[in-house]
Every structure is written in C-alpha cells, then in structure tokens.
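Work through the exercises below with the model open beside you. Try each task before you read its solution.

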Amino acid sequence: MAGGGGGGGISPLGPAPPMWYHRDLSRAAAEELLARAGRDGSFLVRDSESVNGAYALCVLFQKHVHTYRILPDEEGFLAVQTSQGVQPKRFKTLPELVSLYLQPSQGLVSTLLYPVDREETALTDDRDYSDGEDEKPALPPRTTSTSTSPGPDTPTESAPAANGLSTISHEYLKGSYALDLEAVKQGASSLPHLNKTLVASCKRLNGEVDKVLSGLEILSKVFDQQSAFMVSKMIQQSVNQGGDQELENLVTKLAILKDLLSSIEKKALKALQDMSASSPGSPPPLSMRHSKAIPVQAFEVKLDVYLAELTKIGKSQKYTLSVDVEGGRLVVMKKVKDNQEDWTTFTHDKIRQLIKSQRVQNKLGIVFEKEKDKSQRKDFIFASAKKREAFCQLLQLMKNKHSNQDEPDMISIFIGSWNMGSVPAPKSVASWVLCRGLGKTLDELTVTIPHDLYVFGTQENSVCEREWVESLRSMLKEQTELDYKPIAVQTLWNIKIAVLVKPEHENRISHVGMSSVKTGIANTLGNKGAVGVSFMFNGTSFGFVNCHLTSGNEKIARRNQNYLDILRLLSLGDKQLSSFDISLRFTHLFWLGDLNYRLDMDIQEILNYINRKEFEPLLKVDQLNLEREKNKVFLRFAEEEISFPPTYRYERGSRDTYVWQKQKATGMRTNVPSWCDRILWKSYPETHIVSNSYGCTDDIVTSDHSPVFATFEVGVTSQFVSKKGLPKSSEQAYIEFESIEAIVKTASRTKFFIEFYSTCLEEFKKSYENDSQNSDNVNFLRVGWSNKQLTTLKPLLSDIEYLQDQHLLLTVKSVDGYESYGECVLALKSMIGSTAQQFHTYLSHRGEETGNIRGSMRVRVPSERMGTRERLYEWISVDKDETGGPKGKSTMVSRVGHETSVVRKQLGELGKVSEEGERSSKEETAARPKQDTSDGDSSICKNSYNNPAYYILEGVPNQSAAAELLPPNTAANPPSAKAPPPSAGARTKPLSAASVPPHPRRPLAGHSARGISEEGSSEDDGGAGMGGGGVTGTVGSTLNRPPPDFPPPPLPKGALEMVSEAPFSKPRPLYPDLAEVRIPPAGPGGPLAHGDGFRRGGVGSGGAGALDDQSCSVLQMAKTLSESEFTGQPPRAPSAPPLRGQPMGLGLDACRTFPPRNPITESIAEDMPEEALWGSSSSSLSVGESSVGEWLQRLGLERYEQGLLHNGWDDLEFLSDITEEDLEEAGVLDPAHKCILLESLRQQQQK
C-alpha cells in the first residue's frame, strides 16, 4: 500500500487519511473528478501508478490537469519532486506537505484552493453473499494451501471476523473484564468470566472436533489401536461433559486429534505395504502405459465436381476417406460399379494443403502431390461441418505425429469452469473433460484425443486442494491412459485453478507464476476474487485467470470493478512488464469463471426463449455482452458464440428445471436463468488461435451451475536457435521507426516519451520526448515523435523465422509522473521488409481504452537470414474463391516448392480486386478466425466518450461518408487498377488477383491501399512523416478499399460536409474544439473475422445501431460533443452485424501489410449462414447460392435451398445434372416436387 512507511513511525497520512486523499484512484478517474469540479485550484492526492509508496498531487488549472510526484526519501520524509538543483522541502506527513501548498507562490502552477473529496461507499454495498445461497460467505477450506503466495492478495491488517466471535470478545472487554479484575484484586485465582467467554467462543469448535473424531474412529481402530482407545473415550466424555471441565476437555481432544492425524497415514501405509507383500504379483502401474492408439477413422464424403467434369462422370460420386493417424496415411477410396472399389493411398508428406470452404461449411479441398512440383486438388463434401472439422483435426494430428520437427508448432488446450455449489463432485465428470453436452461440441471421432493442456477452474469448491488435483489426474488417466503432471495449482478460499500438462511437455514449461486477489467484502474476504497461473510453453507465454465475481442481478458496477481490480492487482507474468496490465503481458490470456453477469429480461420471457432454444434475444440482454459493448470490461477479449442454454440456476439433481426464486429474510430473491459461467480469451495480433468447442454438460447435476468447457487450437513458438549463429554486424536486423503519433484521452499538457519492451530485445528502450504536440479539445492531446526522437532497436537474433513470431509492447508515459497513459502491442510479422509499413492500433490502460496510436516502421532483415519454414497451423487455409461466387477464378496461396492453381469457369462479369494490399486485408481477415481481438473490437456508444469517431488523426479522410454519397452507378462498377509488381527479394505471394464481385458499398473515395509486397509503397495519408509515395490512381478517384471487418460508427452532424473536400486535405472542423473526426472505412465487403459469431444487440443490419449510453465517459466530454446528435445513416446495403470480440471502432486491420504467408485454419464466416454475413442484398455477391435461391423461390420451393447447399449443389449449372437420388439426399422427398425441379432444370438446359 502506498500509504505505508513514514519517518519515525508516523503514518505519512497523519492520524486519519484526509478526504482529499484517494488511495489507489486511477489517473483517468482522477482527471474525471477534477474535470467535474471544474474550478482552477481544485486538487486531490492519489497513489502513484509508477512508484510504490509514492503519491501524485493532481491540480486543475485552465482546464488542464497538472501532476506532481511526491516521493519518500530514505528516512521516510515526503517531498514534491523538483527540477535538478532545486532543494526540495521535506515533510513528515502528507497533510503537512499539502498545507504548505495551500499558501500562494510555492512553485506549483496554481495555489491549492479546492480539495476534491473522495466518495465514501456505503458498507451495505459491499455485502455479497454467494449467489443468495447462504446468509454468510462460506468459510475457506480448513487445509491451508501451500501455493498461496504473498502479494496484493495478502492483507496487511487482520480481516474482521465474519462469524460474530469478535462481538463476544468485545463484550468481555467492555463489561465482564472489569468484574474479573475486581475478583483478582480480592484474591481470586481464576477468571470465571473469561472462562465463560472462551467456552462460548469455542462452542462451534467443540462440535466440529467431535465430528472429526467420530469420523476417524473406525480408521483408528483399523490402523492405530493405541490411539483408538483414547478417541473412543473422548467421544464418550463429550456426551456428558459440562461445567468447568469443558475447556480443558477441548484442549485434550485437540491434542489427541493432532497426534492421530500426524501418525495415521504412516501407520496405514505400513499396514497396506505388509498386505501387498503377501499378495500375488500385480499388473504394472498405469503410468507405465502409453496413451491409447488412435484407431483408423473413416469419413463418407461426396466429390464436389463442376460442369465440365460432370459431363464425363454423369453424377456425383461417393468416396470414403480413411485417416490412419498412427500409420501416417490417408486412403481415398472411390466406389465404382458392381460394388468394386478403387483406392489411392497418400502418405502424410504427400498431402500438401487443406483448403476449407468459407461459404459451404462442410466442404473441404485437399491438395495432393502427384509428381515433383505438380499437385492436384479435389474438393469433398462432408456429412456435416463437425465431420469436416474432425477430419482436419485428425490430419493435423497425423502431420504433427510424423513431423521431423523436434518442437510442436501447435498445441490443444482444454479449459473448464464450474461452480460446484459447495458440494463434492459426482463420481464421474467424464462428460466435462470430453466436451459432451450442449452447444458447440467436438465430434465423437475426436473427443477421446488427449489435449496437451488441461485447465480446470472451480468456484465454491469445498474439496481440499490435494484431493481435488488427485481426482482430476485419475480422471484424465482413466480417459487418456496418460499420467498428466500438475504444473500449477492456486487456491483462494473455495476458488481454485489447476493446470495439468501431458508428460511429454513437462520440460517445455518454465517461468511458472501464481497469484490471487480478494474482492469479497471490503476486498479483504476471499469468498469472491480470482486466482491466476502463468507460464511459458517454450517461447509462448500463457496466462489463465479463474474468478468468482459479485453476485446479484443489480450489482453490475461492482462486478465491473471486481474485474478491473483483478486486472490491476493479479501479479502474473514477466515482472519487467509491470507497466502493462495482465491483458497485455501474455501471448494468450484466458479468463474463465463464474462472472455472475445476469440477463436483463422478465423471467417468463427468458423461460419462453429457453424452451424454444432461441438464445439470440437473450444474448442481446446479457449484462456481460452489454458491458463489453460499452468497453467497460474485457476490452478486446473474444468469446466463442454461445449456443447452449443458460448454465445457472438449475434445480440440483436435474437439468430440467430452473429455480429462480428463493425466500430470504429480506424478502423474495430472484435469480433469473443466466450465462454466469464464461470463458473468454485475448491474444496478441497475428498469432494463431482457434476455438473448436464451447458448451456445457447436461448430465452433471450436483450443483445449481452446469460445468462449462471450451477447447482451443493454439500456435506456439519454440525456443529459437539460429542455425547461422549470432549475427555479425553486417547481418544485424534492425527495427526502425519513421514516426509515431498518438492521441491520448487526458486533460494534462505534459510531455511524453515511449518505452519499448519485447522478448527479442536485451532490455527495454526509451524514446526521447515528443517533438510535436497540439490539441483541439481540452480532453484530448495529440503527441508526435519524428524519426530523430525514436530509437532504432536491435533484436537479439536476426533470423526472419524468429522475428516473425515476435511482438513489441509500447507504453506512452508522461515526463512529469512517469505514469503510463496507454499501452499497446504490435506484431513484427507485418512490419518485415525494406520499406516502412504503417501500423495503427488502440491504447489502453488499466483495462480502459485511453486513445490510439499510429506510425510508420520497418523491420530490416538481412538477406542471409531470410529463410523460413511452414508452420503446421499454416497448412490449413480458407478458400478465397468462396467469397466471390463458386465459379470465379481462384488462386491458391502460393507455397514454397509448389503452387497450385484451380481455374473454374467464370460466371458473369465480376469486379476484380485491383491491389495486392486489398487482397492482403481480405485474406488476413478470412484467415485469422476468432483471433486476438487485441487489435480490434472497439464498441461504439452513442454520445459516448469511447466512440472512436472522437479519436482525431491528421489527414484521414472520412471514408464512411464518401462511401454513402457515391452515385449508384459509380458504386456498382469500381474501376480496376493493376497492382504494383513485387520487387526483387519480396517473399512469394499470390500474384493473380482473386475475383471479387461488385458491391454497392465497396468503392470509397480516398487514398489507395498499400501494396502488399515488401517493397510496396506506404499509405500516403497526409500525416507528417508517415511514409510517402506510391498512391495508385488519381486523387479523388473511386478505388477499391480493403474491406473492413466492422460497420462504421454513426456519423455526427456535419460529417457529410467533409466528402466534397479533396481526400488528402484536412477536414473542416465539425465542432469548435474538435478539428478532425476519424471514422473507420465503411463496407462489409469481405469475410468477417476476429469474432465468434455473436451479433451485438443494438446494432441492426444496416442501422446506425449503438447503445444510447453516456456512462462510458472517462472524462466529461465538452458540452458540444456530449449533446451532439447522431443522424441515422443513409440507406445502404445491409451489412453483417458485427461479431462479439470483433473490431467495431478503429480501422486497425487496415494497417496490415501482408497476411501470414499461408492463411490460417478457419474463418468465423463458417459459423454463420451466408445470409447473416452478407445481408439480404447478397445476390450480386454469391452468384451460385443466390441463383439457386432465386430459382427455388420462383418455383415456390425455397424450403429446399438449405438442403441443396448443404450437399454441395450451390450453382444452377452445377445442378443441371442432378439426379432423383441426389434430390432425395438433399431432403426433396415429395415426388411432385422432384418432378417440378427436374423439369425446370431440363427446360433451362434447352434454353
């Protein structure tokens, strides 16, 4: 605590903390309080965020906040930090120091005039009883956890007793103590009143000890006859004891219990060893066995063929794909006439690539190597999307098993969260670890494949730590026949987290850390709070947080505060990264637990929706989703789509009934069914993570919560060892910055510098002070650093294979207080090249968005160090052809050593992507599913301070407005321009553009997209020093822009005026104190990514949707902003609703310069039907699908569209040779309907 210490034993706060002292108030919250006070000379003191034991004096003057550091010296005296050479004035206490500066002319910017007092919270607000189940919080387990580490979770003062015993002690000291004193004065040799107090205090303990002794009586008779007699005797005595002997008997019983517990285990072990010595030989222990061999799995599929091939074949063909993981083979078997079979066997090294269809979720392309440098692609239709995923998982497992790599590229992680309801678990919880139940579950063919890591988070878990871990290990051994190793276990009262790892990975785990934070009553009780574990898996850092937040439907603000406290106080990860909260300290952070957010809807409506299995309306009123949309909690975290019923509050013993009412002393309490139990994650940009399952069990009924599970496929990096040794000076790689510009939300006008952190740097580096600074709004500050202010960074290793996995953490700090005003993370992968590339991302601090940052940088890698290899997770890609209709030209992503091109007949005139930069953005968007939302997901709040439209960046024209006002004919036919050719030395990239259909919202006025190649030009947006040249096309011309993966925010009044100006000119001021408004580019035009399929409430399909919420402010906005009205957006093609965890605000992905060399496994678009992605005007986009849909609609048989598409009949030309048998398999069983369809197709063929 900052308030500790002080000279001569005196508290630095004086006898009592003054009201102007705000303890651990954040910098942003302090600025908000001062802005609210509004008078020059208003001041407060808070704890420093940068130095423990120091303080920050914050003063408001001329609408700006000035911060002065108050530092303690070695003797504990306090002084305001002064400039060099000025003698500081020293004080024993903080009130003494402040009293000096209440006088004029003491060197501050203003005399301290008006103290801003802290807001005292009522004690009743802190009461938090566990889900309304108990009147008092459950006591912690009696067994003390050895893993509980000191830190922020250990209170410095003893917590007040929660059971009323302190009241008994107080009564004695106030009253009976005097009577005992009087008795002693008169010569008494005993203290009857104290004895009576002690007996009353220990009454519960007496009963508990009797229970324990009774429970151990039989064990003592079997294994320890000597103590058995004493145990039985004490139990008899306790029945008829009383009077003065009661306390003495209790002490005796405790002594016997101590002896029994310390000896019983040793004596039992000896007895069992004696028994086993005389018994016949037993089988070898389970730990000696190997894991189960994975049997050969067969998949029934159909070959997906096209018109040219159909004429030869006559009808669709059925195949069987058999995967032999252990043998490393894939057998493709074709059924031919007379029950004969024709098969081909491919070894694992001959399977070049798997290409998932983005539009048809059960379709997969497989590229086989035929001869040297020649490949063949075959597309197959699986029975379901789940079967396709199981097939891909098995093939990845096969590839991994037979890889010649020593270290894995990818691991699978199981995460489970369960509020156990303070009762032990049932005998079997197999369905939990096998992900069986409701929601997105794994296919039965793959559920038994062991995961590399298992993470179990429990709440209200009354089982002792050791017993719980052993039960988990034995359960995993039973399911997998592997002896999983516990690498970390952390407990806080009844909140537990346990991480177990496959034995083969035990040596890959290092830097294990554990911590806990209490958020219960007065933040001193551990009945609510969090436990966390962190470690390195080879070169990748992981963090796991399990929490139990405040219960109660109305306690949203307190839950939000619990989250922020945990984020700030949980001490995990690299200690060098203390400037960053835990959401930025790890490559992958997983947050699980009973978050206790509820549904804001009438109970009867909720039950009706649940009965109909309609979860979408409920998710729109889910408190966690609503708070995330306001950027209050879990900033840039992702969550998989919820497709299972609420997990709380069930009747114990069944899963058929929700119990939503409970009679309390204070009246009837309502606990509506809710998704209290959740699993979220946040990953660094340009990393690989895919959520394969998210659901809950339906057969574990001991608690009123159902266990929740999720599984993830996560890319990991190895501890890189360069084959070329340490770089010589001529082979040194460099990270160079041309310029950086940041906008921070602050009323301060101090100077700033940037600190750079990375595992690829020997130590953190600092920039010089910013050399440009201006503001158009009192609550915002724009600061800039030119090239000469920025340090060139030298990575430890110069190999591209190493650097493309590295990330750079930046923190913007003030010169006056060395406190952070915002942090961010950048991936080096996109920055590698000989020309500067642009980046643009958001800044956050203490879990809140505090601004944004952009700049121009490059990572120069010497040509000798350019060699790289394919990662296992890059082996699966997403077919870009699917975004433009099934018959457009498709070029597969080029791969080292072979390049496959599949040419299909083109239907109609489709617009072509004119620039590689555009394709780059599209491919990345599709290729990075449900991934790190760490560079996206800003939600938009109407009239809100968090609205990204308020982030002001020079020279970014209003793309959104331009898009809406283009004439329809221009919008529909964008001109195409040729992409700049890649220069020498650029990595292999696809050269022919993928076909993309025209879309009314795609063309946008403004500057062109960057080239994708390393030598490609930078984006020229008029920003100072942001990289020049290379703009394709004329100023003001209509160009194809990379499709953003979010809808634009609502446009402020007057924003439309900006369109008529030249795209590079500075936009006209919209408000007297806001010079430019940066609005992200519009248009959905590409597959959605970074999300998880949840459509946010409040954002309609094309509406100006946003929540009317003004509570998101960190500062009070200038009046003109907070009262400005947002106009509805002009009519446009309906866009996809944004996904939860997906960027909605800043156009962050526009900074991508090229995608990962090979696209990554899966796209979020696969989790949603085509209509949901493109809106109702998708006819021009999906030629195949919508043509089939229109044809069926014309015939009045649109009900069969889904079945036909599911079976791969996605185009009219493709349909021309469909048979009756195929129609039946697609669900057309009515003979009359079959006749209508076949006759219509025949007539079309004749035409």
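## Exercises on a predicted model

Start with a loop: Arg846 sits between β34 (837-845) and β35. The model is a predicted one.

**Exercise 1. Find what is unusual in the backbone at Arg846, and look for a similar case at Gln62.**

Step 1. Read phi at Arg846. The value is near 50°, which is positive in a residue other than glycine.

Step 2. Set this against the general rule. Most residues other than glycine have a negative phi, and most peptide bonds are trans.

Step 3. Turn to Gln62. Its phi is positive too, about 50°, and Gln62 is not a glycine. Gln62 belongs to the loop between β2 and β3.

Step 4. Is Gln62 buried or exposed? Its relative accessibility is 54%, so Gln62 counts as exposed; the cut-off for exposed is over 50%.

Step 5. Check the peptide bonds. The bond between Tyr648 and Arg649 is cis, with omega about 5°. Arg649 lies in the loop between α15 and β22 (661-664).

**Exercise 2. Describe the protein as a whole.**

Step 1. Count the elements. There are 26 helices and 42 strands.

Step 2. Look at burial. The protein has 1247 residues, and 57% of them count as buried.

Step 3. Look at the surface. The accessible surface is about 50300 Å², and carbon and sulfur atoms hold 52% of it.

Step 4. Look at contact range. Take contacts between residues at least 6 apart in sequence: 73% of them join residues at least 24 apart.

**Exercise 3. Work out the strand order and the edges of the five-stranded open sheet.**

Step 1. Read the order across the sheet: β4-β3-β2-β1-β5, with mixed pairing.

Step 2. Find the edges. β4 (78-80) and β5 (114-115) each have a single partner strand, so one side of each has no neighbour in the sheet.

Step 3. Follow one pair. β1 (residues 42-47) runs parallel to β5, and two bridges link them. Ser42 stands opposite Tyr114 in β5.

Step 4. Add the helices. α1 (residues 27-37) lies across β1, β2 (55-61) and β3 (64-72), at about 165° to β1. α2 (residues 94-101) lies across β1, β2, β3 and β4, at about 30° to β4.

**Exercise 4. Do the same for the open sheet of seven strands.**

Step 1. Read the order: β14-β25-β26-β13-β15-β17-β16, again with mixed pairing.

Step 2. Find the edges. β14 (438-440) and β16 (485-492) stand there with a single partner strand each, so one side of each is left without a neighbour in the sheet.

Step 3. Check the twist. On average, neighbouring strands of this sheet are turned by 10° against each other, direction ignored.

Step 4. Follow one pair. β14 and β25 (residues 689-696) run antiparallel, joined by three bridges. Gly439 stands opposite Gly695 in β25.

**Exercise 5. Explain why α12 and β19 count as largely enclosed.**

Step 1. Size up α12 (residues 556-569). Its 14 residues reach 20 Å from first C-alpha to last, close to the 20 Å expected.

Step 2. Count the buried residues. In α12 they are 10 of 14, so the helix is largely enclosed by the rest of the structure. Among them are Ile556, Tyr563, Leu564 and Leu567.

Step 3. Find the packing partners. They include β18 (509-518), β19 (529-537), β20 (540-548) and β35 (848-860).

Step 4. Repeat for β19. Eight of its nine residues are buried, so β19 too is largely enclosed by the rest of the structure.

Step 5. Trace the strands that pair with β19. β18 runs antiparallel to β19, with eight bridges; Ser515 has Gly532 as its bridge partner. β20 is also antiparallel to β19, over nine bridges, and Ala530 stands opposite Cys547 in β20.

Step 6. Look at the turn. β19 and β20 form a hairpin with two residues between them, and Asn538 in the turn has a positive phi of about 50°.

**Exercise 6. Locate the nonpolar cores.**

Step 1. Take the largest one. It has 52 residues, and those with the most contacts inside it include Ile413, Phe535, Phe590 and Phe712.

Step 2. Find its main contributor. Helix α13 (residues 603-611) gives the largest share of this core, five residues.

Step 3. Find another core. It lies apart from that one and has 35 residues, among them Phe737, Ile754, Leu790 and Ile800.

Technical notes: Residues are numbered from 1 along each chain as its sequence is written. This is a predicted model: local features need pLDDT of at least 70, side-chain atom pairs count only at pLDDT 80 or more; totals for chains, interfaces and linings use all residues. Side-chain values use heavy atoms; hydrogens and water are left out. Helices (H or I, at least four residues) and strands (E, at least two) are DSSP runs, numbered from the N terminus. The expected span of a helix is 1.5 Å times one less than its number of residues. Buried means under 20% relative accessible area, exposed over 50%, partly exposed in between (1.4 Å probe, protein chains only). Contact means heavy atoms within 4.5 Å. Two strands pair if DSSP finds at least two bridges between them. Axes are lines fitted to C-alpha atoms, for helices over the stretch in contact, and angles run from 0 to 180 degrees between N-to-C directions. Accessible areas come from the Shrake-Rupley method with a 1.4 Å probe; for residues, only the protein chains shown count as cover. A nonpolar core is a set of buried Ala, Val, Leu, Ile, Met, Phe, Trp, Tyr and Cys residues joined through side-chain atoms within 4.5 Å.
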